[in-house]
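Biologist: Please give me a close look at the second largest pocket, and then set it among the other spaces and the contact of the two chains. What classes of residue make up its lining?

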Number of protein chains: 2
Amino acid sequence: MTHPVTVEVTRGDLVECRHRGSLAVVDSAGEVICAIGDIEQRVFPRSAIKALQALPLVESGAAEALELDDAELALACSSHNGEAVHVSAARVMLLKAGLSEEDLECGTHWPKRLEDVAALVRADEAPGPLYNNCSGKHAGFLTLAKVLGMPTRGYVSKDHPIQQEIRKVIEEFTCAPVSEDVCGIDGCSIPTYASPLKGLARAFAVFGTGEGLEPDRAEACEKLYEACVNEPFMVAGTGRFCTDVMAAFRGRVFAKTGAEGVFCASVPELGYGIALKCDDGATRGSEAMMATCLEIMLDLSVEERKVLARFANPAVLTRKDVKAGEVRPSHEFVEALRAALA
Amino acid sequence: MTHPVTVEVTRGDLVECRHRGSLAVVDSAGEVICAIGDIEQRVFPRSAIKALQALPLVESGAAEALELDDAELALACSSHNGEAVHVSAARVMLLKAGLSEEDLECGTHWPKRLEDVAALVRADEAPGPLYNNCSGKHAGFLTLAKVLGMPTRGYVSKDHPIQQEIRKVIEEFTCAPVSEDVCGIDGCSIPTYASPLKGLARAFAVFGTGEGLEPDRAEACEKLYEACVNEPFMVAGTGRFCTDVMAAFRGRVFAKTGAEGVFCASVPELGYGIALKCDDGATRGSEAMMATCLEIMLDLSVEERKVLARFANPAVLTRKDVKAGEVRPSHEFVEALRAALA
């Protein structure tokens, strides 16, 4: 089936909602290990490829020149909650490059969590662009532009050398050229190119293993991988899948979500990359898909199993915290994963 | 096709997300005017049937005994934003019955809009159950219980006479019995029974016309219909579909959304009821479906057309308010509606 139901949401004894999607597991040679749904389709990877977008920052030596630490490199790969630690780290990154919040071209929005919204309200402040979930990535772009002597203004344009370089990285990692007609604007104003889902999975097999890369690039991948798994809080924040799963897995897995139901991951011990898309863009769908895939793919510790279950099978609660139903992977999705991976 | 794509979300030149769903248009005799997808499926109507849940309040004479006005009756049918006017009207309804916020069993959550969250934070308050989007409906239940001398405590239980009476109303309006095995708990703790989608459409044809009802019940339907279209702000609030569409349509249409992608409407001038479900539960999907159906079904004024377009075809914006894509009805959905309705 081209668009199988992968996740169900129940209430009482009935299925109330259904999410459909596709999932690819691919190794660094491009061999497809698992294909569910349509893995040839082009999907906008959105924030799921922030680690690839941060590669030029490391590979160029700019990160080293400015002594960016693991927390700052993880922030460059992040979609953060806009918690105090994220905002302050983004500010420091810009400071290290002699830049400020004024230079960010990502736009702004309120923090994800009510606590952080309330803190701003109490301080009678509105959020600036440092609060944008993409501010770390943008601070990385700006840092790179400054160190390499490129113009910092207009760094979000698809014609800016940084975005051109990132486009090349994506084409090489996915083994799939992109063109103007598959280019969209991301929420933070940078270009996003739609790549085949199986190419995105291949890209994260390569990112996690370095296989087939020139030594400098392989080293840059390793540096970013280590930064994210060492500082998972900087990649997302309180309660988030990417943070909690990377923290529990202690380096076994790199995982990064993107808007509109995209999720990518690297599993170096198996040499696999995972890329998935929930057709309708729902985060509860993409998270349940990724958690279920990791559950079936890996031998797990009790702690690892526990954190995945929170996302593979969360309860649906009433406003009085009584369980009314649950999110769960569909039987056919689990069977397809087992057949390919178990 | 059983689960057709009804709504697409684009970015650049590509479709980034797809929502699937089903839609039924039925008249009060139960004749199916338009069937898209699976209209026999049982769906939890959730908050989309609040007007039916409010019928016993009016039919019993309790609303009249306590001199509930149109704004209060509309609030009894509402899923409100928790704006100041909603909270204060719910408080007054309870006061009229000699009750208070303490009697509400719906649980609580923060208001929908940032402005209202900020007002609470500034006042150093947390939201009580009056802020729950269902507080008006619950105030209606409590008012009814008090006037009829029933116990107020436990009014959310499926065994309470009010919930039993509502179950009978739903079975009669949908022409479809419900049973324990299709009963779920709604987010506000009351029972929600899954009914066939075409039955829900029939129910709103009857609600909008009174056709086939005993005079007292027909009068109660008319009273609630008029209350909602006269006081649409009380049914939802700032920027919301139900409020803005009912305000623009000045009595031509009654529309009420529910959680997880359900939407019901009455169009008395045609004698039709509409019920739809977006499979994945997305509000952007259910709103685009309802707006598109009304666009195709009715001759529209400029103002009516304008408000529907906001929901049938909203822009997807970047954080800098640049248009990156759009939500739009699928070609096949539009063609199916036109074939049945135009």
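Modeller: By class, the lining of the second largest pocket consists of eleven nonpolar, 14 polar and eleven charged residues, where Ala, Val, Leu, Ile, Met, Phe, Trp, Tyr, Cys and Pro count as nonpolar, Asp, Glu, Lys and Arg as charged, and the others, Gly among them, as polar. This is a predicted model, in which local features need pLDDT of at least 70 and side-chain atom pairs count only at pLDDT 80 or more, while totals for chains, interfaces and linings use all residues. Residues are numbered from 1 along each chain as its sequence is written, chains are lettered from A and ligands numbered from 1 in the order in which they are written, and side-chain values use heavy atoms, with hydrogens and water left out.

The second largest pocket has a volume of about 1000 Å³. A pocket here is an open set of points on a 1 Å grid over the protein atoms alone, with protein on both sides within 12 Å along at least five of seven lines, and lining residues have an atom within 4 Å of a point; points are joined across faces, edges and corners, and the volume is the space filled by probe spheres set on them. Among its 36 lining residues, Arg46(A), Asn133(A), Ala259(A), Glu260(A) and Arg319(B) are the closest to the centre of the second largest pocket. Chain A contributes helix H12 (241-249), strand E8 (254-258) and helix H13 (283-297), and chain B contributes strand E11 (315-317), each with at least two lining residues; helices (H or I, at least four residues) and strands (E, at least two) are DSSP runs numbered from the N terminus. E11(B) gives the most to this lining, with three residues.

The largest pocket has a volume of about 1400 Å³. Of the 35 residues lining this pocket, Arg319(A), Lys112(B), Asn133(B), Ala259(B) and Thr283(B) are the closest to its centre. Strand E11 (315-317) of chain A, with strand E8 (254-258) and helix H13 (283-297) of chain B, each supply at least two residues of the lining of the largest pocket, and E8(B) gives the most, with three.

As for the contact of the chains, 46 residues of chain A and 46 residues of chain B take part, contact meaning heavy atoms within 4.5 Å. Arg319(A), met above at the largest pocket, joins Arg11(A) and Glu16(A) in supplying 17% of the area that chain A buries against chain B, more than any other three residues; buried area is the accessible area (1.4 Å probe) that two parts lose on being put together, summed over both. Four salt bridges are found across this interface, a salt bridge being a side-chain nitrogen of Lys or Arg within 4 Å of a carboxyl oxygen of Asp or Glu. Glu16(A) forms a salt bridge with Arg46(B), with the closest N and O atoms 3.1 Å apart. On the side of chain A that touches chain B, strand E2 (14-27), helix H6 (114-122), strand E5 (183-185) and strand E12 (323-329) of chain A give two or more residues, and E2(A) gives the most, with six.

Closed spaces are found too: the structure holds six cavities of 30 Å³ or more, a cavity being a set of points where a 1.4 Å probe fits but cannot get out. The largest cavity encloses about 80 Å³, and E2(B) gives the most to its lining, with five residues.
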